[in-house]
Amino acid sequence: MKLEVAELNSFYGPAHILFDVGFAVGDGEVVAMLGRNGAGKSTTFRTIMGLVSRRAGLVKFEGDEITRLPSYEIVRRGLGYVPEDRRIFSELTVEENFEVGRQKPRPGAAAWTPDRIYKLFPNLGEMRRRLGGDMSGGEQQMLSIGRTLMGNPSLVLLDEPSEGLAPKIVEQMAGAILAMKREGLSIVISEQNLHFAKLICDRAYIIEKGRIRFSGTIDELEAHPEIRDAYLAV
Amino acid sequence: MELLFVQALSGLASAASLFLVASGLSIIFGVTRIVNFAHGAFYMLGAYVAYTLTSRFAGPLGFWGGLLVASLIVAALGALMEMVLLRRIYQAPELFQLLATFGVTLMVQDLVVVIWGADDLLGPRAPGFTGAFSLFGRNIPTYDLLLIALGPAVLGLLWLLFHRTRWGVLVRAATQDRDMVACLGVNQKWLFTSVFALGVFLAALGGALQIPRTTVTHYMDLSIIVEVFVVVVIGGLGSVTGAFVAAVLVSELNALGILALPKISLVAVFLVMAVVLVVRPFGLFGKAERAPRSSAGTSFRPWKPMTSIERIGVALIVALAALLPLFAGNYALSVGSEILVFVLFAASLHFMMTVGGLASFGHAAYFGLGAYGAAFAIKFLGAPMGVALLIGPLFGLAGAVISGWFCVRLSGVYFAMLTLAFAQIIWSVAFQWVEVTGGDNGILGIWPSRWASSPEGFFWLTLAIVAVSVALLRVLVFSPFGFGLRATRDNTLRADAIGIDRKSVQWAAFIVSGTFAGLAGALFAFLKGSVFPETLGIPISVDGLVMVLLGGIETVSGAVVGAIFYKALAIWLMSQTDLSKLVLGAIIVLLVVASPKGIVGFIEQIRHRRPPSPNGAGSSAARADASDALGIAKMKVAE
């Protein structure tokens, strides 16, 4: 297993947010974490990345426990994270944003370079000197993903990559994610949108009120519309 | 005209050091969000260490090498402070960080005197730049020309560093969003330490470069830090270019202001700062700050008015205090009165800081204004004490009306720095306007009226005034005004959204606080029988802050306990040691690191102990998370 998460609990102050969340991702798999707004998708990612200080549970990455490691160390081990709100550096150029993300290449895998990312997202290649703040939402999302790829991760947590994007850009995004999959990357995508998940994912989990409610393949989910109706906005 | 030109050149030369120090402060703030009060101390250390090295090793290599090595040594000290002290408190509210670095400043002041002595030191001249050249019949040191060239050169080097190196790109990214930088695999700890070392290096170099121009003194830290605060407030915190432009502006205003208004040159600088802040609240080159992580007074245990049993308890304690003259001697009574005066002073600051979330670093201004107001009433009007005790607070009120109007336009560290700047302006007026204030000699002969002239009488009077004032402040906390004020503190945007005018509410709180501080100051004048500029000084402001902090900033009136404890300790320490600043600084540092909740906060915590949390995490972790959650809530609103 690439990533194993077990009995994850986390808290914001006195508020208990995640309850015994558990899931697993295999090598080269693309897995969807589905759930409504506020269900706990982002908190799950943030907890794995060590960004929620009050947390309990077990996170194993490539067989090693990383539960208590600082965020930067988790990233250096190859677990990349693209946050929901993109968080690009608006006063840095596209190239400089990539530079911030750059980490050592992974043994046995070709290193990501800006040029390879421009092939994945051709739009970015035309605006290498543009400031992050002067880009559209879709371009910022591409920049945010590219910046994380510069860290040469073997697994990426993508938090709602399709949120707020025009349908045409969403299509482009799906293509890019499939291309990343072909490169051998494992990917976890949080989504509210089942249709988008269907395009790219092998398996899915559904999270609701901080608990995992469903685990199975996309086909199984399709076969049970009552689950979809109970936990997802359609 | 020629004179103007020559003065302007001299101003440019002064700007170099000011720019170095200010840019260091700005760079550190940009990444770590810490306003490093100890920056002045590092500037001073740079000058002292450079003095020692250049006196020991002669020749050009000894001199220039000495400056460089001195700056490197001090930078290493700065990095050490970052690693040992600041790393522990990055999550704390900004106020704690300012206080911790202030504690270090106090310690350095005493250490410098211990190591180098109290006398001013005169360092060697710069080899190759000892001469002067003549311009319009006036001599201009060639060293000044060197400094004039140095400023832009350093600015250029810093630009290259930040735009042409990976380290610089990381620093710029961290300035914008340091958590995201960590999420991209960058170890923030070392980034912070290296940034801190660079900033301190610039400060120390700024100090070292001064030794051929001026004497090295053990009070050069406070004078530079105030000027640097003014520079970064004008230029915009976090902006190196802003620091450069503002350093030139401030130095030129100083240099030319002396020609135009010889006595009140500081006022010119200050007026410019006020105008800049009104037009651009984040400085010429600054950008709007995100909402602060958490304001000073935010508490997660709702405040409640006292129960009737608690009220009876407090009444009993006041009654007990009133019995003190029956068995205490004159000295003990005067100490008692002094403690009471500071109880009121601390309570007034506490009101502003915890209820209003407005951390003032210059609260002594209103205390001192109250003292001078009372003294003027006696000296110029021949008024009796009763009238003087009314005029004093009115001075505090007037001062708070004016400076508060400017200050509430800002928040967080900008607010703190502006309050400090105002206090320093008022201090310098009191110091320089000898005809009215007596300058350094102060105003003497401010004695109480006959009915309160005995130590017992004055103690009772003080106790009555202080008890009533503190009670009034408490009533205000639980009044609709107090609720509105707390709303602006806890969430400015939401308070705005329900129709609370943040600025006027905070301005009113500022005025209330300043007025009560003025009352405390007026009492202080009568207690001491005299008034000196020191009543307006930074140490008094910091005393107030420490009392509030010690009492606990999440409490309704912890400052009362904090003031009693701290003042008693300080008076005792003064009688025990010559190095009271060293001890006091160490206490402040320890306090910030060990007990951010203060005495009363600690007691409350025990009284209201919550059931243990599910995973047994400590309360400090819970607190950090709660502020996390708050931060998130704020961001959502901002979107």
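Me: What volume does the second largest cavity have?
Reply: In this predicted model, the structure holds two cavities of 30 Å³ or more. For the second largest cavity, the volume is about 50 Å³.

Me: How many charged residues are in the lining of the second largest cavity?
Reply: Residues lining this cavity come from chain A, including A:Val75, A:Tyr81 and A:Pro153, and from chain B, namely B:Cys183 and B:Leu184. By class, the lining has five nonpolar and four polar residues, and the number of charged residues is zero.

Me: Which elements give two or more residues to the lining of the largest cavity?
Reply: The largest cavity encloses about 70 Å³ of space. Its lining includes B:Ala347, B:Phe351, B:Leu473 and B:Val477. The elements that contribute two or more residues to this lining are α14 (330-355) and α19 (455-477) of chain B.

Me: What area do chain A and chain B bury between them?
Reply: The interface brings 29 residues of chain A into contact with 29 residues of chain B. Carbon and sulfur atoms account for 57% of the buried area, which in total is about 2700 Å².

Me: Which residue of chain A meets B:Arg172 in a salt bridge?
Reply: Between chain A and chain B there are three salt bridges. In one of them, at 3.0 Å from N to O, the side chain of B:Arg172 meets that of A:Glu96.

Me: How many charged residues does the side of chain A that touches chain B have?
Reply: Across this interface, 10 residue pairs are in polar contact. Elements giving two or more residues to the chain A side include β1 (3-12) and α6 (137-149). By class, that side has 12 nonpolar and seven polar residues, while the charged residues number 10.

Terms used. Residues numbered from 1 in each chain as written. Chains lettered and ligands numbered in written order. Predicted model: local features only at pLDDT ≥ 70, side-chain atom pairs only at ≥ 80, totals over all residues. Heavy atoms only, no water. Contact = heavy atoms within 4.5 Å. Buried area = accessible area lost by both parts, 1.4 Å probe. Salt bridge = Lys/Arg side-chain N within 4 Å of Asp/Glu carboxyl O. Polar contact = N/O pair within 3.5 Å; in protein donor to acceptor, adjacent residues only side chain to side chain. Helix = DSSP H or I, 4+ residues; strand = E, 2+ residues; numbered from the N terminus. Nonpolar A, V, L, I, M, F, W, Y, C, P; charged D, E, K, R; others polar. 1 Å grid on protein atoms, 1.4 Å probe; cavity = no way out; pocket = protein on both sides within 12 Å on 5 of 7 lines; lining within 4 Å. Points joined across faces, edges and corners; volume = space filled by probe spheres on them.
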